[in-house]
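Trainee: Could we go through this one together, a piece at a time? I'd like to start in the interior and work outwards.

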Amino acid sequence: MLEDLRVEDGNRVLEIGTGTGYSTGLLCHRLGDDLATSVEVDPEVSRRAGTALGACGYFPELVVGDGLDGHKEGAPYDRLVATCGVLELPHTWIEQTKPGGIILATLGGWLYSSELARLTVGHDGVAHGQFLGGQVSFMLARPQLPPPLGMLPDFDAGQERTTPVGADVLDDWVARFVAQLAAPRAQRLSLTIADTTQQVLVDVEVGAWAALTQDGEHWIVRQGGPVQLWDAVEDHVLRWRANGSPALDRFQIIVTPEAQRVTWQQV
């Protein structure tokens, strides 16, 4: 990841997620203590990392706080690297990175397909980049972990139809990433009801759900709630397939102050 970050002599780097301090130590070795800053949400984890780094002769600035907020006091940075996954790239990271600077972060969703993205920050405060491939995954940032499912809805309610996109599409990493673009806050679970296995997506925040069952060679979906979750997933997956099912290294990302947009190149 530090090679993908394209670190150059004299770069000031902000690391989100100190963890054991291993990658922090590599940054110190490459750039010097004064150019490396690392943020960790867990005080005890940060303390242990500081002890380990000190034993190796490294004394970077270690900050205890929410990494999604970055570290404004030390901004601007030439590079920012995150060792936690995020649903959406915080615009604070873009604001704290110099124009022309690089951000390296893993983006994904609650269906747990993710990928490493490298973005370059523009003078207009917009970051453009692409995914690098390799199926990179990290634990999601704590504030972006999925909520408890709570009481499940009545899966016998809702509207039923056949679908050309079965739940087995979610077993493929790239296809699941595409599905996740359509339903980024949906969670997946498998339930057996009356001897029938159902593959279920639930968006707790919206109150929407989709339950899929296989009938021979066909799939049937039943959906409920204010939005049709599987309609959106189906649309995305069919367009992706029509475009040649491109791999994740053909996906691009744009992050503005208002929104995050992911697209792909046709094969």
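Trainee: Let's start with Thr106, then: is it buried or exposed?

Mentor: Thr106 counts as buried, at 1% relative accessibility, and please keep in mind throughout that this is a predicted model. The residue lies in strand β5.

Trainee: What does Thr106 touch, leaving out residues up to four places away in sequence?

Mentor: With those set aside, Thr106 touches Cys84, Gly85 and Val86, then Ser114, Glu115 and Leu116, and also Val136, Ser137 and Phe138.

Trainee: Which way do β5 and β6 run, and how many bridges join them?

Mentor: Strand β6, residues 115-121, runs antiparallel to β5, and 6 bridges join the two. As one example of the register, Leu107 has Glu115 in β6 as its bridge partner.

Trainee: And what is the strand order of the sheet that holds β5 and β6?

Mentor: That is an open sheet of 9 strands with mixed pairing, in the order β3-β2-β1-β4-β5-β6-β7-β13-β14. Its edge strands are β3 and β14 (260-264), each of which pairs on one side only, and neighbouring strands are turned against each other by 20° on average, direction ignored.

Trainee: Where does helix α1 sit relative to those strands?

Mentor: Helix α1 lies across β1, β2, β3 and β4, and runs at about 175° to β1. The buried residues of this helix, which spans residues 22-31, are Ser23, Thr24, Gly25, Leu27, Cys28 and Leu31, and these pack against β1 (13-16), β2 (36-40), α2 (43-55), β3 (61-64) and β4.

Trainee: What follows α1 in the chain?

Mentor: Gly32 follows α1, and its phi is positive, near 105°.

Trainee: Changing topic, how many disulfides does the structure hold?

Mentor: The structure holds 0 disulfides. Cys56 is in none, the nearest cysteine sulfur being that of Cys28, 9.8 Å away, whereas a disulfide would need the two sulfurs within 2.5 Å.

Trainee: Why is there no bond for Cys84?

Mentor: The closest cysteine sulfur to that of Cys84 is in Cys28, and because the distance is 19 Å, the two are too far apart for a bond. As for their surroundings, Cys84 is buried, with a relative accessible area of 13%, while Cys56 is exposed, with a relative accessible area of 57%.

Trainee: OK, on to charges: how many salt bridges does the structure hold?

Mentor: The structure holds 11 salt bridges. One of them is formed by the side chains of Lys98 and Asp78, at 3.3 Å from N to O. Lys98 lies in strand β5 (residues 97-107) and Asp78 in strand β4 (residues 77-86), so this pair ties together parts that are 20 residues apart in sequence.

Trainee: Are those two residues buried or exposed?

Mentor: Lys98 is partly exposed, with a relative accessible area of 32%, whereas Asp78 counts as buried at 14% relative accessibility.

Trainee: What does Arg222 pair with?

Mentor: Arg222 forms a salt bridge with Glu160, with 2.7 Å between the closest N and O atoms. Since Arg222 lies in strand β12 (residues 218-224) and Glu160 in strand β8 (residues 159-163), the pair ties together parts that are 62 residues apart in sequence.

Trainee: And which residue does Arg161 bridge to?

Mentor: Arg161 forms a salt bridge with Asp231, where the closest N and O atoms are again 2.7 Å apart. This pair links distant parts of the chain, with Arg161 in strand β8 and Asp231 in helix α5 (residues 229-242), 70 residues apart. Arg161 is partly exposed at 27% relative accessibility, and Asp231 is partly exposed too, with a relative accessible area of 32%. Elsewhere, Glu44, Arg47 and Arg48 are joined into one network by salt bridges that share partners.

Trainee: You've mentioned β8 and β12; what is the order of the strands in their sheet?

Mentor: They belong to an open, antiparallel sheet of 5 strands in the order β8-β12-β11-β10-β9. Strands β8 and β9 (187-193) stand at the edges with a single partner strand each, so one side of each is left without a neighbour in the sheet. Neighbouring strands here are turned by 25° against each other on average, direction ignored.

Trainee: How many bridges pair β10 with β11?

Mentor: Strand β10 (residues 196-203) and strand β11 (residues 208-215) pair in the antiparallel sense over 5 bridges, and Val202 stands opposite Trp209 in β11.

How values were computed:
Residues numbered from 1 in each chain as written. Predicted model: local features only at pLDDT ≥ 70, side-chain atom pairs only at ≥ 80, totals over all residues. Heavy atoms only, no water. Buried < 20%, exposed > 50% of the residue type's maximum accessible area, 1.4 Å probe, protein only. Salt bridge = Lys/Arg side-chain N within 4 Å of Asp/Glu carboxyl O. Helix = DSSP H or I, 4+ residues; strand = E, 2+ residues; numbered from the N terminus. Pairing = 2+ DSSP bridges. Axes fitted to C-alpha atoms, helices over the stretch in contact; angles between N-to-C directions. Contact = heavy atoms within 4.5 Å.
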